[in-house]
Amino acid sequence: MKNYIIVFIAVLLFNCKNENSNHMDTNVAPEVKALTANQIIDKSIDVSGGDRFKQSSLKFEFRDVYYQALRKNHEFLLGRVLVKDNDSIFDMLSNVGFERYKNDAFVKLEDSIANLYAASVNSVHYFSVLPYGLNDKAVHKNLLGSEQIKSKDYYKIKVTFDELGGGEDHEDIFVYWVNKDTFKVDYLAYSYAETSGVGMRFREAYNERYVTGLRFVDYNNYKTENSSIPLEGLGKAFEANRLKLLSKIELKNVTVELVDN
């Protein structure tokens, strides 16, 4: 009888061990697959408005200039209106190119001048709806890894552009810090060509608001006076208070209408 009891206890302990082992296996967290740069940007676009951008009419003011953007599927019209000395200047960038009108009269421009105006119009509209546009064919995204800014975790993504389809400023390089919890772009940095070499800017998003389901933010615009800091290092330089506030990028009177097919 004593031998049976010993065997019973041994079997019971073995079964309990297996049950505990199986129980532990069922609670093991599944392996989390690392996200790619494309997947991160896809999520960022989705939480910022998603496909609404593709069917929208946007209007806003920036530094006393009136802007309007009409997007419908793969067609777009980006415009701005400047009023100066009782004259109205209307710049229009669309799928077919750039045009300028003065008081309703078409203005013929040299290609070099037209390209500069087109880049200026596109730049304001590009920043107004970030990260929409980062899935264009001319855009290349590279995940640089993770980084903390102000105790928050971010994906750090570098963006470059093809010469063909990348616009007049295709040599510009961008870095985006995408919040790992919200997938929103909280910070960005970019380098650009200037007469004295390469300039850099760092932007901090604030005043987030959603208008008809689309996310808009304003920016604190910073510069560095230390040319040895690389573009990818501006996030840490910002956290260490090594950047100088240059200006504020504020969009005013933002309105949105969704456009039917």
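Helices and strands are taken here as DSSP runs, at least four residues long for helices and at least two for strands, numbered from the N terminus. On that basis, the predicted model has four helices and 14 strands in its protein chain. The chain holds 261 residues, and 41% of them are buried. About 16,100 Å² of the chain is exposed. Carbon and sulfur atoms supply 51% of that area. Among contacts with a separation of 6 or more, 48% join residues 24 or more positions apart.

The interior was examined for enclosed space. Rolling a probe the size of a water molecule over the atoms shows where empty space is left. The count comes to one cavity of 30 Å³ or more. The volume of the largest cavity is about 40 Å³. Its lining consists of Phe127, Ser128, Val129, Leu130, Arg215, Phe216, Val217 and Tyr219. Two elements, H3 and strand S12 (214-223), each give two or more residues to this lining. The largest share, four residues, comes from S12. By class, six of the lining residues are nonpolar, one is polar and one is charged. The charged residue is Arg215 and the polar residue is Ser128, because Arg counts as charged, and Ser falls among the others, which count as polar.

Nonpolar packing was considered next. The largest nonpolar core has 47 residues. Within this core, Tyr126, Val159, Phe174, Tyr176, Val178 and Phe216 have the most contacts. Helix H3 (residues 111-128) gives the core its largest share, six residues. A second, separate core has 15 residues, among them Ile149, Met200, Phe202 and Leu243. Phe216 appears both in the list of core residues with the most contacts and in the lining of the largest cavity.

Valine 178 illustrates the contacts made by one core residue. With neighbours within four places in sequence left aside, valine 178 is in contact with Ile40, Ser44, Asp153, Tyr154, Tyr155, Ile157, Phe183, Lys184 and Val185. One of these partners, valine 185, lies in strand S10. Valine 185 counts as buried because its relative accessibility is 3%, under the 20% cut-off. With residues up to four places away not counted, valine 185 touches Ser44, Pro131, Tyr176, Trp177, Val178, Ala205 and Arg215. Ser44 is thus listed for valine 178 and also for valine 185. Valine 185 and serine 48 are 137 residues apart in sequence, yet their C-alpha atoms are 9.2 Å apart in space.

Backbone geometry was then inspected. Most residues other than glycine have a negative phi, and most peptide bonds are trans. The peptide bond from leucine 130 to proline 131 is cis, with omega near 5°. Proline 131 is placed in the loop between H3 and strand S7 (139-149). Leucine 130 is also one of the residues lining the largest cavity, and Pro131 is touched by valine 185.

Positive phi values occur at two loop residues, asparagine 103 and phenylalanine 183. Phi of asparagine 103 is near 50°. Asparagine 103 lies in the loop between strand S5 (97-102) and strand S6 (105-107). With a relative accessible area of 41%, asparagine 103 is partly exposed. Phi of phenylalanine 183 is near 60°. Phenylalanine 183 has its place in the loop between strand S9 (173-179) and strand S10 (185-194). At 14% relative accessibility, phenylalanine 183 counts as buried, because the value is under 20%. Phe183 is also among the contacts of valine 178.

Two further residues are partly exposed. Alanine 240 is in the loop between helix H4 (234-239) and strand S13 (244-249). Its relative accessible area is 45%, so alanine 240 is partly exposed. Alanine 240 and isoleucine 149 are 91 residues apart in sequence and 9.7 Å apart in space, C-alpha to C-alpha. Ile149 belongs to the second core.

Valine 81 is found in strand S3 (residues 75-84). At 27% relative accessible area, valine 81 is partly exposed. Apart from neighbours within four places in sequence, valine 81 is in contact with Val65, Tyr66, Ile89 and Phe90. Valine 81 and glutamate 61 are 20 residues apart in sequence and 9.7 Å apart in space, C-alpha to C-alpha.

Technical notes
Residues numbered from 1 in each chain as written. Predicted model: local features only at pLDDT ≥ 70, side-chain atom pairs only at ≥ 80, totals over all residues. Heavy atoms only, no water. Core = buried A, V, L, I, M, F, W, Y, C linked by side-chain atoms within 4.5 Å. Buried < 20%, exposed > 50% of the residue type's maximum accessible area, 1.4 Å probe, protein only. Contact = heavy atoms within 4.5 Å. 1 Å grid on protein atoms, 1.4 Å probe; cavity = no way out; pocket = protein on both sides within 12 Å on 5 of 7 lines; lining within 4 Å. Points joined across faces, edges and corners; volume = space filled by probe spheres on them. Areas by Shrake-Rupley, 256 points an atom, 1.4 Å probe, with all protein chains shown as cover.
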